[in-house]
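Dear colleague,

I am passing on the structure we spoke of, and I would be grateful if you could look it over alongside the notes below.

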Amino acid sequence: MESLPKCYTVLFNAVTDAIKALGEQDYEKTMVLLVRGQMDAEDAYIDDE
């Protein structure tokens with residue numbers, strides 16, 4: 001099985017954490033996790049190039 005680029009796993013993990021925060025109705029944390037995940041995934045994508 002071919003492994004995914006790091007940016008995908010970074011974003012997937014951030015979304016997973018955000019879903020958990022949503023379940024706890026912590027909407028501010030959810031937004032922070034999603035924005036940070038987006039930025040970290042972008043950085044990982046740039047680093048892989």
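What follows is a short account of what was found in it.

Please bear in mind throughout that this is a predicted model. The chain holds two helices and zero strands, and its C-alpha trace extends over about 35 × 25 × 5 Å along the principal axes. Of the 49 residues in the chain, 20% are buried, while the accessible surface amounts to about 4,300 Å², with 58% of that area belonging to carbon and sulfur atoms. As for charge, the chain carries 4 positive and 11 negative charges, and the mean positions of these two sets lie 9 Å apart.

On the surface there is a nonpolar patch formed by L11, V15, I19 and L34, which together have about 320 Å² of accessible area. The greatest contribution to this patch comes from helix 1, which spans residues 6-23 and supplies three residues. L11 is located in helix 1, and it counts as partly exposed because its relative accessibility of 36% falls between the limits of 20% for buried and 50% for exposed residues.

Helix 2, which covers residues 27-48, includes V32. With a relative accessible area of 38%, V32 is likewise partly exposed. The C-alpha atom of V32 is 8.4 Å from that of A18, and these two residues are 14 residues apart along the chain.

I would welcome your reading of these points once you have had the model open.

With best regards

Key:
Residues are numbered from 1 along each chain as its sequence is written. This is a predicted model: local features need pLDDT of at least 70, side-chain atom pairs count only at pLDDT 80 or more; totals for chains, interfaces and linings use all residues. Side-chain values use heavy atoms; hydrogens and water are left out. Patches are made of residues with over 30% relative accessible area and no salt bridge: like charges are joined within 9 Å, nonpolar side chains (Val, Leu, Ile, Met, Phe, Trp, Tyr) within 5 Å. Accessible areas come from the Shrake-Rupley method with a 1.4 Å probe; for residues, only the protein chains shown count as cover. A salt bridge is a side-chain nitrogen of Lys or Arg within 4 Å of a carboxyl oxygen of Asp or Glu. Helices (H or I, at least four residues) and strands (E, at least two) are DSSP runs, numbered from the N terminus. Buried means under 20% relative accessible area, exposed over 50%, partly exposed in between (1.4 Å probe, protein chains only). Lys and Arg count as positive and Asp and Glu as negative; His and the chain ends are not counted. The place of a charge is taken as NZ of Lys, CZ of Arg, CG of Asp or CD of Glu.
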